[in-house]
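Please explain this structure to someone who is seeing it for the first time. Go through it step by step in running text.

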Amino acid sequence: MSRIGKLPISIPAGVTVTQKDGIVTVKGPKGELSQKVDSSIIVKIEDAQIVFEIDENSPVNYKQKQAFHGLYRSLVNNMVVGVSEGYKKEMELVGVGYRVSNQGNLIEFALGYTHPIFIQLPSEVKVETKSERNQNPQIILESCDKQLLGLICAKIRSFRMPEPYKGKGILFKGEVIRRKSGKSAAAK
């Protein structure tokens, strides 16, 4: 049995969880999310807790059931935390001339290419950009959906991956890049 899957999820005040036809729906002050759960996992909602159990009679092999047990517990837990508290990611642009601005959910990047890069974010994600003097430009993304937020951060980061020689690129706030010395150190 999965150690993560055995842990019950407590439902905070203001959050409602419903289950119908293998789909778990979570509603809260920050939004509404739903997730389809495999038929080999039984979801029980009782006294402000969600409990996941393995269905011993399903035809799926036992190792796959154990994997699903932990997976769906984590996904539903992320949904409960997302609709009650929300998720926030901060990114910064490190590099000379790197700029970012937004109009609503349309973000414009200037990352040293010959053209600006535009990305339109879904309505579930709130974005804020900061450009202060003598500081790196920042992007602050907020959403109730952890998977969507991670996907968008990965897409933004792919525009200019952090590189180890000069330390330039799009980084998460507080991320440290291990620097390499380059070919000048090898010549000595």
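The text below goes from a sheet and its helix to the cores, and then to single residues and rings.

The model is a predicted one. A good place to begin is an open sheet of three strands, which follow one another in the order S2-S3-S4 with antiparallel pairing. Strand S2 (16-20) and strand S4 (31-36) are the edge strands, each having a partner on one side only. Averaged over the sheet and ignoring direction, neighbouring strands are turned by 15° against each other. Helix H2 packs on this sheet, where it touches S3 and S4, and its direction makes about 175° with that of S4.

Within the sheet, the antiparallel strands S2 and S3 (residues 23-28) are joined by five bridges. One position can be picked out here: Gln 19 stands opposite Val 24 in S3.

The next topic is the nonpolar interior. The largest nonpolar core is made up of 22 residues, and Phe 109, Ile 139, Leu 141 and Ile 156 have the most contacts inside it. At least two residues of this core come from each of strand S7 (87-94), strand S9 (106-110), strand S10 (117-120), strand S12 (138-143) and helix H3 (146-159). H3 gives the largest share, six residues. Leaving aside residues up to four places away in sequence, Leu 141 touches a list of residues that includes Tyr 87, Met 91, Leu 121, Val 127, Leu 149, Ile 152, Cys 153 and Ile 156. There is also a second, separate core, which has 21 residues, among them Leu 33, Val 43, Ile 54 and Phe 68.

Phe 68 leads on to the aromatic rings. How many aromatic pairs are counted? The count is two. One of them joins Phe 68 and Tyr 72, with 5.6 Å from centre to centre and 45° between the planes, and this pair is tilted. Why is it called tilted rather than stacked or edge-to-face? Planes under 30 degrees apart count as stacked and those over 60 as edge-to-face, so the rest are tilted; the 45° of this pair places it there. The two residues are about one helical turn apart because they lie four residues from each other in helix H2 (residues 62-84). Phe 68 counts as buried because its relative accessibility is 16%, and Tyr 72 is likewise buried, at 11%; the cut-off for buried is under 20%.

Rings also take part in another kind of arrangement, with a charged group placed over them. The charged end of Lys 89 sits over the ring of Phe 172, at 5.4 Å from the ring centre. Arg 160 has its charged end over the ring of Tyr 113, and here the distance to the centre is 4.3 Å.

Two single residues remain. Ser 58 is found in the loop between strand S6 (49-54) and H2. Is Ser 58 buried or exposed? It counts as buried because its relative accessibility is 10%. Apart from residues up to four places away in sequence, Ser 58 touches Ser 40 and Lys 65.

Ala 110 lies in strand S9. With residues up to four places away in sequence again left out, Ala 110 touches Gly 97, Tyr 98 and Arg 99. Ala 110 and Gly 97 are 13 residues apart along the chain, and 7.4 Å separates their C-alpha atoms.

Key. Residues are numbered from 1 along each chain as its sequence is written. This is a predicted model: local features need pLDDT of at least 70, side-chain atom pairs count only at pLDDT 80 or more; totals for chains, interfaces and linings use all residues. Side-chain values use heavy atoms; hydrogens and water are left out. Rings of Phe, Tyr and Trp (its six-membered ring) pair if their centres lie within 6.5 Å; planes under 30 degrees apart count as stacked, over 60 as edge-to-face and the rest as tilted. Buried means under 20% relative accessible area, exposed over 50%, partly exposed in between (1.4 Å probe, protein chains only). A charge sits over a ring if NZ of Lys or CZ of Arg is within 6 Å of the ring centre and within 35 degrees of the ring normal. Contact means heavy atoms within 4.5 Å. Two strands pair if DSSP finds at least two bridges between them. Axes are lines fitted to C-alpha atoms, for helices over the stretch in contact, and angles run from 0 to 180 degrees between N-to-C directions. A nonpolar core is a set of buried Ala, Val, Leu, Ile, Met, Phe, Trp, Tyr and Cys residues joined through side-chain atoms within 4.5 Å.
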